[in-house]
Structure formats: structure tokens, C-alpha cells
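Colleague: Thanks for making time for this one. Could we go through the model together, one question at a time?

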Amino acid sequence: MKNSIELLRAEVEMKEHEIRKMQAQIADKEKQQSNIELDPDDYEDQFDESLDESIPEIEIGCLTYSPSHVLKNVDPVAYRCGLNDFVDSLDVEDSDEYKELQEEIDQLKSDIEDLESEIEDLENQIADFTE
């Protein structure tokens, strides 16, 4: 019986150690989330689409150009400023990188809850042995 209690306590300690490791992983992933910066180059297509949907096509003679193409080629500085403003208006939490980290955090939290439940069961077994 004493050996059983010791084994159960050792198992509790291993699970508590695992929880601490997972909590450290969560802290690391949350830090990564807070350090995410959106790269304007990754959003050029979305910005172009936004420009093209909000401004009519530009006709020069019999040729037709998209507003994003014209701005990008006629005034690249204004295009880049507009792109930067567009990216600044986006929410980091909507980025794929942020969402992936959040999914990993949620999974770790779920795993911690499972381990805590297992620890509770083990502690109840220990209590049953000591009664």
C-alpha cells in the first residue's frame, strides 16, 4: 500500500512538471503573439484588390488600367504610403500567424485541464489509501 501511494505521488509530480512545461510554452507563444508585426509586402494583393474595388478603372485612350497598377507605377511612394496605411488598419489578431499560435495555446490549455483532472483523480486515490 505504501508503495502504491508513493507511485501515485510520483505520478502526480510528473504531471505537475508537465503542466509547468506547458505553462512555459503558453507564455512563450503569447510573447510571440505580442511580437507579431504585419509585413506590408504580404498584403499587397489585398491592398490592390481594395483599391481596385473602390476606384473605377482608368482609361487612357482605348487602354484600361486598374487603379492599383496606375498608382504603383505612376507614384510608387504614394502607393507604398497607402499600403502601409492599409496594413496599419488591419488587426494583428486576424493574421494567420496569430491564429496558429492561438490554436496552439488553446490546445495547451486544454491539455493542462486534462492533466489537472488526472491529478485530481490521483489525489483522490491517494486519499482513499490513507483513510
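Modeller: Gladly, and keep in mind that this is a predicted model. Let me start with isoleucine 119, which touches Val12, Lys15, Glu16 and Ile19 once residues up to four places away in sequence are left out.

Colleague: Where is isoleucine 119 placed, and is it buried or exposed?
Modeller: Its place is in helix H5. The relative accessible area of isoleucine 119 is 7%. The cut-off for burial is under 20%, so with 7% isoleucine 119 counts as buried.

Colleague: How far apart in space are isoleucine 119 and glutamine 46?
Modeller: Along the sequence, 73 residues separate isoleucine 119 from glutamine 46. In space, taken from C-alpha to C-alpha, the separation is 49 Å.

Colleague: Lysine 15 was among those contacts of isoleucine 119. Is lysine 15 buried or exposed?
Modeller: Lysine 15 sits in helix H1 and touches Leu115, Glu118, Ile119 and Leu122, not counting residues up to four places away in sequence. Its relative accessible area is 16%. Burial asks for under 20%, so lysine 15 is buried.

Colleague: Which helix gives the most to the largest nonpolar core?
Modeller: That core has 13 residues, and Val12, Ile19, Met22, Ile26, Ile112 and Ile126 have the most contacts inside it. Helix H1 (2–34) and helix H5 (96–130) each supply at least two of its residues. With seven residues, the helix that gives the most is H5.

Colleague: Which residues is methionine 22 in contact with, leaving aside its neighbours within four places in sequence?
Modeller: Methionine 22 is one of the residues with the most contacts inside the largest core. Beyond its sequence neighbours, its contacts are Leu108, Asp111, Ile112 and Leu115.

Colleague: How many residues are in the second core?
Modeller: This core is separate from the one we just discussed, and Phe47, Leu51, Tyr79 and Leu83 are among its members. As background, nonpolar side chains tend to be buried together in soluble globular proteins. The second core has eight residues.

Colleague: Let's turn to helix H4. What arc do its buried residues cover around the axis?
Modeller: The buried residues of H4 are Tyr79, Leu83, Phe86 and Val87. They lie on the same side of H4, because the arc they cover around the axis is only 95°.

Colleague: And which exposed residues does the face of H4 turned away from its buried side carry?
Modeller: The buried side has a cover that includes helix H2 (44–54) and helix H3 (67–74). On the face turned away from that side, the exposed residues are Val77, Asp85 and Asp88.

Colleague: How far apart are the end C-alpha atoms of H4?
Modeller: Helix H4 (residues 76–88) has 13 residues, so at 1.5 Å a residue it should span 18 Å. The model agrees with that expectation, as the end C-alpha atoms are apart by 18 Å.

Colleague: Now the charged pairs. How many residues apart in sequence are the parts that lysine 29 and glutamate 104 tie together?
Modeller: The side chains of lysine 29 and glutamate 104 meet in a salt bridge (2.6 Å, N to O). Lysine 29 lies in helix H1 and glutamate 104 in helix H5, so the parts tied together by this pair are 75 residues apart in sequence.

Colleague: Which helix holds both lysine 21 and glutamate 18?
Modeller: Their side chains also meet in a salt bridge, at 3.6 Å from N to O. Lysine 21 and glutamate 18 are three residues apart, about one turn of the helix, and both lie in H1.

Colleague: Which residues form one network with Lys72 through salt bridges that share partners?
Modeller: Glutamate 44 forms a salt bridge with lysine 72, and their closest N and O atoms are 3.5 Å apart. Glutamate 44 lies in helix H2 and lysine 72 in helix H3, so this pair ties together parts 28 residues apart in sequence. The residues that share the network with Lys72 are Glu44 and Asp48.

Colleague: Last one: how many disulfides does the structure hold?
Modeller: Cysteine 62 is exposed, with a relative accessible area of 75%, while cysteine 81 counts as partly exposed at 43%. A disulfide needs two cysteine sulfur atoms within 2.5 Å. The number of disulfides in the structure is zero.

Conventions:
Residues numbered from 1 in each chain as written. Predicted model: local features only at pLDDT ≥ 70, side-chain atom pairs only at ≥ 80, totals over all residues. Heavy atoms only, no water. Core = buried A, V, L, I, M, F, W, Y, C linked by side-chain atoms within 4.5 Å. Buried < 20%, exposed > 50% of the residue type's maximum accessible area, 1.4 Å probe, protein only. Helix = DSSP H or I, 4+ residues; strand = E, 2+ residues; numbered from the N terminus. Contact = heavy atoms within 4.5 Å. Expected span 1.5 Å × (residues − 1). Arc of directions from axis to C-beta. Salt bridge = Lys/Arg side-chain N within 4 Å of Asp/Glu carboxyl O.
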